[in-house]
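Visitor: I'd like a quick walk through this model, with the reasoning spelled out. Could you take my questions one by one?

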Amino acid sequence: MPKDLVGIKELSKRDIGQVLDTASSFKDVLRRDIKKVPALRGKTVVNLFFEPSTRTKTSFELAEKRLSTDVLNFSVPTSSVVKGESLFDTIKTIEAYGVDFIVIRHASSGVPHFIAENVNASVINAGDGTNEHPTQALLDAFSIIEKKGTLEGLNVAIVGDIAHSRVAKSNIYLLSKFNARIRLIGPPTLIPCMEDYGVEVFYDMDEGLRGADIVMMLRIQMERQGRSFFPSTQEYFKYWGLDMKRLGLARKDALVMHPGPMNRGIEISSQAADSPQSVILDQVTNGIAVRMAVMYLLTGGEKQ
Amino acid sequence: MSKDILIKDGHIVDPSQDIDYVGDILIADGKIKETRTQNSKPRAQNSGLETIDAGGMFVFPGLVDMHTHLREPGFEHKETIRTGTLAAVHGGFTSVCPMPNTSPVNDNPTVTAFIIKKSLDEGFCHVYPIGAITKGQRGEEIAEMGLMYEAGCVAFSDDGRPVMSSIIMRRALEYSKRFNVPVISHCEDLPLADGGVMNEGGLSAMLGLKGIPSAAEEVMVARDILLAELTGGRLHIAHVSTQGSVRLIRQAKERGIPVTAETCPHYFSITEDAVKGYNTNAKVNPPLRTQRDVEAVREGLKDGTIDVIATDHAPHHLDEKLLEFDKAPSGISGLETALGLSLNLVGSGTLSLKQLIGKMTIVPARILNVDRGTLKPGSDADLVIVDMGKEFRVDAKRFVSLGRNTPFEGMSLKGMPVVTIVKGKIHR
């Protein structure tokens, strides 16, 4: 593994395989009565969140605590960033505290790279702008393999605001490394130029869902409204929302995934979200194991 | 009173007089007295003559940069008139034209007069300010073009911002005809650029950076060409960066519309790939484009569609570039690399040396109607002696500009200005 996890783009297939294998061992730990291991005792991690986040931050924090690290939380409203300190000074200050890991979420793409270049600590990207959210893609892969046994050759439909979704981007990079067949579905205004990754693009969701093994839904961010990416949430749901009828076009054993938080009735109906095919809550559980694995491997540790 | 100077045995290239031979230049009283071939008989020379041996080197008229940011007044931490003109002289330029996006904006004759006075007091080369098209560069009402023209402005531009309103651009092109000055357009449709930070395409998607489509430049190039046709005003398109813009300007020229255009070394030297790794020194507006655009810009230079090579020297402080890519300001510190990068066009066979030097001397001087860019007897002795064989590595730490923001760090270039002479004053 490299020093940092800045993105899936920067990982090899072997690195990814190693994370997924290690995550499986940690998932066993999480099933035990005592869910804590001393793997990273004495190490310090700072969770540096420049964007509001509840789920990802909680998941990281739980993973860190399960590994027995000392955890510092640093979030924008209480920090010196509001006093006008530059990002560079903030991270140099944090480094001077002597931390071993920096978990970073930031609204600007490339910030984890910028930090990784400037500190010795291991940097873990918890979401940067519209670039990547690598731990989400790793936990999605883990969740798929758990049910399907493999990623190779699966038909994966990713539906929604692909252009602004770091989750979609990281998934595309990961799935393409494992030769999955990726279909991007959404309004033309929200599909980025990703031809280099061999994706297929569908503006018609019914067409795109046919025969899919995985249906990965994305959250529609409310700030996209009123900017003419689509005219209304009602119209959006009509053409790109997942309901049971549409889900019926995918394979019978297709999995429904969503990184959360969901907008029920906007991109996904409650019936689809809560159907037996849904693995949305498994994704949440697996997130902890995968994040434990990432931190564990970035210390250069061997599999226990 | 400057000393008389004899520059001996240099290869003189002066497109304004169609000179391309090895010979001598005699400078007296800060003016060019004579240019002669090596074989012609030397005249009697006075004893106080300083001789510069230019054997094996090239001598060009001092370069004219029609697109510079000197940042003073208001942003002296980025650059000053003193440091910017010193950087110019280091790069072989003897005339620069500072854009009006200072603080306060150069939108009135008082600011123009300040820049000119400061340049005369502290500057190292000639400075011809460019005034704002609109008050405060807000694009709402035209500025006092006439008064600024009288104070010394040679052109008008809202550079850094487009004039989004078509009616205001129309009025500016019409009104400028009274003074026969060009209106320089920064072509960017702001709503279409939509806050983008790099070229739009596969790479912007991959880096998760918001893209600016080529069309954001091209729709404004097209609009301004139509307005130039409507008004007969002299339109000059700044920093052409796309294939589509080159095509539009080529068609406009074929139809006889009064339009000229410039590009900058970074648009014919490197592509958007320089942004990889979130390199804020490669963030510039318009953004670096694709190989296809680079080739189109070179083709435009070759066939004369693009008249001028300008630097768009846009120095920024180190701390301002050491930021999130989204937040870092756009711009490249270009005065000290422009000549070396441009000479690559000669090496690659895109331009002859004479064509290249024309685009950096007499052509911009004529567009701006200033008496520069020539070695004609009687003109001010502005020239540069260049060692074309000498290779140098771009090292921003050694820039004399306060702006160290270059995407060319570490690149090997040929064509080092060895001596620059401004009005008979020697800078080595």
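What follows is a chat about chain contacts, domains and sheets in this predicted model.

Visitor: How many residues of chain A are in contact with chain B?
Guide: Remember that this is a predicted model, and that totals for interfaces use all residues. On the chain B side, 15 residues take part. On the chain A side, the number is 23.

Visitor: And how much area do chain A and chain B bury between them?
Guide: The size of an interface is often given as the accessible area lost when the parts come together. Here 56% of that area lies on carbon and sulfur atoms. The total that chain A and chain B bury is about 1300 Å².

Visitor: Which residue of chain A forms a salt bridge with B:Asp194?
Guide: The count of salt bridges between chain A and chain B is one. Its closest N and O atoms are 3.0 Å apart, which is inside the 4 Å cut-off. The partner of B:Asp194 is A:Arg227.

Visitor: Which helix gives the most to the side of chain A that touches chain B?
Guide: Helix H3 (87-96), helix H4 (111-118) and helix H6 (166-177) of chain A each supply at least two residues of that side. By class, the side has 10 nonpolar, eight polar and five charged residues. The top contributor, with four residues, is H4(A).

Visitor: Let's move inside chain B. What separation do the centres of domain 1 and domain 2 of chain B have?
Guide: Domain 1 of chain B comes in two segments, 5-59 and 380-427, while domain 2 covers 63-368. Their contact takes 34 residues from domain 1 and 44 residues from domain 2. Taken over C-alpha atoms, the centres are separated by 26 Å.

Visitor: Which three residues supply 22% of the area that domain 1 of chain B buries against domain 2 of chain B?
Guide: Between them, the two domains of chain B bury about 3000 Å², with 70% of it on carbon and sulfur atoms. No other three residues of domain 1 supply more of its share. The trio is B:Val400, B:Asn405 and B:Phe408.

Visitor: Which residue meets B:Lys354 in a salt bridge?
Guide: Between domain 1 and domain 2 of chain B the count is one salt bridge. For B:Lys354, the N to O distance is 2.6 Å, within the 4 Å limit. The residue it meets is B:Asp18.

Visitor: Which strand gives the most to the side of domain 1 of chain B that touches domain 2 of chain B?
Guide: Two elements give two or more residues to that side: strand E17 (383-393) and strand E18 (412-422) of chain B. The residues of this side divide into 18 nonpolar, eight polar and eight charged. With seven residues, the strand that gives the most is E18(B).

Visitor: Now the sheets. Which are the edge strands of the six-stranded sheet in chain B?
Guide: This open sheet has parallel pairing and the order E9-E10-E11-E14-E15-E16. An edge strand pairs on one side only, so look at the two ends of that order. The edges are strand E9 (130-131) and strand E16 (308-309).

Visitor: Which residue in E11(B) stands opposite B:Ser157?
Guide: Strand E10 (residues 155-157) and strand E11 (residues 183-185) of chain B pair in the parallel sense over two bridges. Opposite B:Ser157 stands B:Ile184.

How values were computed. Residues are numbered from 1 along each chain as its sequence is written. Chains are lettered from A and ligands numbered from 1 in the order in which they are written. This is a predicted model: local features need pLDDT of at least 70, side-chain atom pairs count only at pLDDT 80 or more; totals for chains, interfaces and linings use all residues. Side-chain values use heavy atoms; hydrogens and water are left out. Contact means heavy atoms within 4.5 Å. Buried area is the accessible area (1.4 Å probe) that two parts lose on being put together, summed over both. A salt bridge is a side-chain nitrogen of Lys or Arg within 4 Å of a carboxyl oxygen of Asp or Glu. Ala, Val, Leu, Ile, Met, Phe, Trp, Tyr, Cys and Pro count as nonpolar, Asp, Glu, Lys and Arg as charged, and the others, Gly among them, as polar. Domain bounds come from an automatic or database domain assignment.
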